Amino acid sequence: MRVRCSNCETEQEAASDSATQMCVACGKPVAARPVVVLDVLDVPRAPASPRLEHVGPDVAVRELEELVDSERRVLTLAVWIPFWGAWRIARSELHSPREKQRLVVASLTLTAALVALAWTLLPKPEDQVRFARERAREQILSLAPLVERYRAQFGSYPDLEAWQRSAKPEDRRFLDPWHRLYVYYRTGEGFALGTLGRDGLTGGLGEDEDLFLAFGPPAKNEAQRGETATAE
């Protein structure tokens, strides 16, 4: 049996033939205490530190599948893009043939619906004619007070020459919906303002139809508004 000296902590073999053993190192009585040898399995171990486990092939494959699935979902949103969406989905390598067929049909159906909606919202030819004539009427009514102020200042309505000097192409108030100067002429005691339509010629139908409003002296007929088909 081995003992440890309580003075110098030196381990040594215990003497079996002596009650009092002297320490071989310090020369003092050993006053020994036995050395306890612990089995390796009995030694408490510190908790193992966490380790980063190696990412196996199955984890890498799963991440790749998630990435492909995300790209597939993003590409599927192309179904909402008219025309281009159907073409892009048809060329997709992330969708099965059946998926591509269903998505292309959905995209084309959506495109057709949008085209039909746009067609119904576009102004029709008869609407364009109505809008043009309404605009011309409003502009003519806004020009009439200018002529009335001229009469109030100079005592008579302007003649054609005076009108042409005042009506400048740079002033858009004097331009009809087809970007030509409004026609002005005297009508006895009053005057008329109008447009010859899109073709700029007398007569016509639709957008080519002439539109003139006649105005009389305020003292005789303040609210007079009339239309004539031709200009003098």
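## A three-stranded sheet

Strands β4, β5 and β6 line up in that order to make an open sheet, and their pairing is antiparallel. The two edge positions belong to β4 (183-187) and β6 (211-215); each has a single partner strand, so one side of each has no neighbour in the sheet. From one strand to the next, the twist averages 20 degrees. Please keep in mind that this is a predicted model.

Let us look at how β5 meets β6. Strand β5 covers residues 190-195, and five bridges join β5 to β6 in the antiparallel sense. Two of the residue partnerships can be picked out by name: F191 has F215 as its bridge partner in β6, and A192 has A214.

## The whole chain

With the sheet in mind, it helps to step back. The chain has six helices and six strands. Read from the N terminus, the order of the elements is β-β-β-α-α-α-α-α-β-β-β-α.

The chain has 232 residues, and 26% of them are buried. Its exposed surface comes to about 16,700 Å², with carbon and sulfur atoms supplying 58% of that area. Among contacts with a separation of 6 or more, 42% are between residues 24 or more positions apart.

## Strand β6 under cover

Is β6 mostly covered or mostly open, given its place at the edge of the sheet? Mostly covered: five of its five residues are buried. This holds for both faces of the strand, with L211, L213 and F215 buried on one side, and F212 and A214 buried on the other.

F212 is a good residue to find in the structure. This residue of strand β6 has a relative accessible area of 1%, so F212 counts as buried. Its C-alpha atom lies 6.4 Å from that of A192, although the two residues are 20 positions apart along the chain.

## Aromatic pairs

The structure contains seven aromatic pairs. One of them is formed by Y185 and F212, whose rings are tilted, with 5.7 Å from centre to centre and 55 degrees between the planes. Y185 belongs to strand β4 and F212 to strand β6, so this pair ties together parts of the chain that are 27 residues apart in sequence. Both Y185 and F212 are buried.

Another pair is formed by F191 and F215, and here the rings are stacked: the centres are 5.0 Å apart and the planes differ by 15 degrees. This pair also links distant parts of the chain, since F191 is in strand β5 and F215 is in strand β6, 24 residues apart. F191 and F215 are both buried, and they are bridge partners as well.

Which residues join F191 and F215 in one aromatic cluster? They are Y157, W163, F174 and Y184.

## Salt bridges

Charged side chains add another kind of link. Side chains of opposite charge can pair when their charged atoms come close. The structure holds six salt bridges; three of them are described here in turn.

One joins R130 to E134, with the closest N and O atoms 3.7 Å apart. Both residues sit in helix α4 (residues 125-154), where they are four residues apart, about one turn of the helix. R130 counts as partly exposed because its relative accessibility is 40%, and E134 is partly exposed too, with a relative accessible area of 38%.

A second salt bridge connects D171 with R173, and its closest N and O atoms are 2.7 Å apart. D171 has 24% relative accessibility, so D171 is partly exposed. R173 is also partly exposed, at 43%.

Between R198 and E207, the closest N and O atoms of the salt bridge are 3.2 Å apart. Are these two residues buried or partly exposed? R198 is partly exposed, at 44% relative accessibility, whereas E207 is buried, with a relative accessible area of 18%. Because the cut-off for buried is under 20% relative accessible area, E207 falls on the buried side at 18%. R198 and E207 also belong to a network of salt bridges that includes D208.

Note on methods
Residues are numbered from 1 along each chain as its sequence is written. This is a predicted model: local features need pLDDT of at least 70, side-chain atom pairs count only at pLDDT 80 or more; totals for chains, interfaces and linings use all residues. Side-chain values use heavy atoms; hydrogens and water are left out. A salt bridge is a side-chain nitrogen of Lys or Arg within 4 Å of a carboxyl oxygen of Asp or Glu. Buried means under 20% relative accessible area, exposed over 50%, partly exposed in between (1.4 Å probe, protein chains only). Contact means heavy atoms within 4.5 Å. Accessible areas come from the Shrake-Rupley method with a 1.4 Å probe; for residues, only the protein chains shown count as cover. Two strands pair if DSSP finds at least two bridges between them. Axes are lines fitted to C-alpha atoms, for helices over the stretch in contact, and angles run from 0 to 180 degrees between N-to-C directions. Rings of Phe, Tyr and Trp (its six-membered ring) pair if their centres lie within 6.5 Å; planes under 30 degrees apart count as stacked, over 60 as edge-to-face and the rest as tilted.
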